[in-house]
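Please open the structure in a viewer and keep the selection tool at hand. The tour proceeds by stops, each with a selection to make and a description of what is found there.

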Amino acid sequence: MRYLSGVMTWILIILYVIIMAILGYLCLNTANNMATEDTAAGKPNDRSTTRKVLTGFAISLWVVDGITVLLIICFYNQIQLAIAILKAASDFLNSTPQTLIAPLIEVLTLLVLLAYWIAIFIYLYSIGDLSKNQESQLAGIQWDKHKGYILAYHIFGLLWTSSFIVAIEQFVVASCAALWYFSAGAGQYSHNPVSRSFYRVFIYHLGSIAFGSLVLALIKGVRVLLEYANAKITTSVQDAGICMRFGINCARCIVACFERFIRFLNKHAYIHIAMSGSSFCAAAQEGFYVLTTSQFRFAILKGVGSVFFFFGQMFITVATTILCYLIVTQTKYYRESLFSPVLPTIFFFFIAYMVSELVIEVYDMTANTLLHCFCIDEKVNNGYPRFPPKALKDYAASLANKK
């Protein structure tokens with residue numbers, strides 16, 4: 001992935017520009033052919049509206065294409081930085097593959113938590129009083145106020161604990177990447193970064209991680225309440241007015257957007273906690289400051305990274321599925337034991353997709369952490385990064401030459 005990041009990025013950018021230009025040409029050529037045919041048929045105004053639409057569409061495509069070329073020229077350095085960050089992230093995963101243990105531990109812990117939560121939920125659900133259900137032959141269950149509070153507390157516990165586990169995984173990956181950035185850039189390498197990061201989070205930063213996950217869990221709790229209210233309005237209130245439905249849907253949309261913002265802010269706050277050891281609020285402020293002062297760098301990294309991660313994920317999934325399919329169909333034992341390879345292949349596809357999702361999640365967190373480290377390194381050293389790893393040294397050198 002290190003060697004493909006730059007080539008793939010520029011190939012996709014060039015293809016986008018060429019395709020936009022070709023589409024514009026096809027639209028204009030179609031409009032001209034229509035005009036020629038209508039004139040030859042003695043009806044020059046027969047499809048004039050369609051021709052105008054196609055011509056306008058062609059001009060719009062060319063204008064957008066021209067603006068894209070100008071933006072590429074203006075943000076060439078930022079694109080190069082994004083490519084260098086992706087290469088550095090690949091170097092990090094190559095030198096520290098044990099970091100991939102963190103998402104595996106996260107998934108296993110979440111599965112254990114879910115199994116425990118479901119078992120306790122069944123017990124809590126059964127402490128209600130049986131009641132006759134008029135709409136069904138099955139008995140219903142009702143809870144008094146105190147039992148309802150216990151059930152709500154259990155649900156909130158799932159939201160908070162799951163957010164807490166995810167936050168620990170994000171911190172561990174960010175801590176490993178930050179340790180690697182400043183040690184590899186100085187010609188040294190951090191030993192046992194995963195164990196050191198777990199030690200840091202449980203000894204020094206557990207309160208900050210718990211507070212950040214609590215904020216996110218509170219927003220998730222509000223979303224659960226709104227979804228419950230919406231379900232009640234849909235099923236119970238027969239004459240729910242348009243204003244009521246519109247209001248609840250607006251509230252759901254606003255809270256969902258706010259949850260995405262908090263999730264985004266928490267992610268960058270954990271990066272700065274891993275870098276500087278600050279408290280959650282101070283780290284969130286530092287992270288937000290870096291994001292606002294280097295917004296173009298992060299925006300372009302997000303755009304380039306999203307495309308690169310998508311193709312990387314598809315490659316991992318498809319290649320793994322094809323390999324497993326060949327093993328199943330070409331190995332004599334499996335060929336004689338299995339009736340059809342379709343079901344195992346589908347199973348392999350989903351497993352490969354989930355594994356690739358975990359790998360890309362680590363890759364994305366690493367890339368964002370390295371960019372934060374680069375921005376802080378650049379700021380602290382008066383615009384000349386002191387600790388960039390090998391993949392970022394060329395960019396840092398070109399930046400220093402321009403200054």
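The stops below run from the whole chain to pockets, aromatic rings, one helix and three single residues.

**The whole chain**

Begin with the entire chain displayed as a cartoon, bearing in mind that this is a predicted model. The secondary structure amounts to 13 helices and two strands. The chain has 403 residues, and 39% of them count as buried. Of the contacts between residues at least 6 apart in sequence, 74% join residues at least 24 apart.

**The largest pocket**

Select Gln170, Lys267, Lys302, Asp364 and Asn368; among the 30 residues that line the largest pocket, these lie nearest its centre. The space in this pocket comes to about 780 Å³. Next, colour helix 5 (145-184), helix 7 (206-235), helix 8 (242-276), helix 10 (295-330) and helix 12 (342-380), each of which gives two or more residues to the lining of the largest pocket. Helix 10 provides the largest share of that lining, with eight residues. Colouring the lining of the largest pocket by class shows 13 nonpolar, nine polar and eight charged residues.

**The second largest pocket**

Keep helix 10 coloured and add helix 1 (2-40) and helix 2 (48-74); each of these three supplies at least two residues to the lining of the second largest pocket. To centre the view, select Ile13, Ile72, Ile79, Gly303 and Val304, which lie nearest the centre of this pocket among its 16 lining residues. The volume of the second largest pocket is about 410 Å³. Which helix gives the largest share of the lining of the second largest pocket? Helix 10 does, with six residues. The lining of the second largest pocket holds 13 nonpolar and three polar residues, and no charged residues.

**Aromatic rings**

Now display the aromatic side chains; the structure holds 18 aromatic pairs. Select Phe75 and Phe296, a tilted pair with 5.1 Å from centre to centre and 40 degrees between the planes. Phe75 lies in the loop between helix 2 and helix 3 (76-95), whereas Phe296 belongs to helix 10, so this pair ties together parts that are 221 residues apart in sequence. Phe75 counts as partly exposed because its relative accessibility is 21%, and Phe296, at 46%, is also partly exposed.

Move next to Phe308 and Phe309, whose ring centres are 6.3 Å apart and whose planes stand at 50 degrees, so this pair is tilted. Phe308 and Phe309 are both buried. For the last stop among the rings, select Tyr181, Phe182 and Phe387, which form one aromatic cluster.

**Helix 6**

Select residues 193-203, which make up helix 6, and highlight its buried residues: Pro193, Val194, Ser197, Phe198, Arg200 and Val201. Turn the view to look down the axis of helix 6. The buried residues fall within an arc of 160 degrees, so they line one face of the helix. They pack against helix 4 (101-125), helix 5, helix 7 and helix 8.

**His272 and Ser278**

Select His272, which lies in helix 8. Is His272 buried or exposed? His272 is buried, since its relative accessible area is 2% and buried means under 20%. Leaving out neighbours within four places in sequence, the contacts of His272 include Gly277, Ser278, Ala283 and Glu286. His372 and Ile376 are also among the contacts of His272.

From His272, step to Ser278, in the loop between helix 8 and helix 9 (280-293). Ser278 is likewise buried, with a relative accessible area of 14%. Leaving aside residues up to four places away in sequence, Ser278 touches His205, Ser208, His272, Ile273, Ala283 and Glu286. A distance line drawn between the C-alpha atoms of Ser278 and Ser208 reads 8.7 Å, although the two are 70 residues apart along the chain.

**Ala84**

Finally, select Ala84 in helix 3. Ala84 is buried, with a relative accessible area of 7%. Not counting residues up to four places away in sequence, Ala84 touches Ala391 and Leu392. Add Pro389 to the selection: Ala84 and Pro389 are 305 residues apart in sequence, and their C-alpha atoms are 9.9 Å apart in space.

Key:
Residues numbered from 1 in each chain as written. Predicted model: local features only at pLDDT ≥ 70, side-chain atom pairs only at ≥ 80, totals over all residues. Heavy atoms only, no water. 1 Å grid on protein atoms, 1.4 Å probe; cavity = no way out; pocket = protein on both sides within 12 Å on 5 of 7 lines; lining within 4 Å. Points joined across faces, edges and corners; volume = space filled by probe spheres on them. Helix = DSSP H or I, 4+ residues; strand = E, 2+ residues; numbered from the N terminus. Nonpolar A, V, L, I, M, F, W, Y, C, P; charged D, E, K, R; others polar. Phe/Tyr/Trp six-rings, centres within 6.5 Å; stacked < 30°, edge-to-face > 60°. Buried < 20%, exposed > 50% of the residue type's maximum accessible area, 1.4 Å probe, protein only. Arc of directions from axis to C-beta. Contact = heavy atoms within 4.5 Å.
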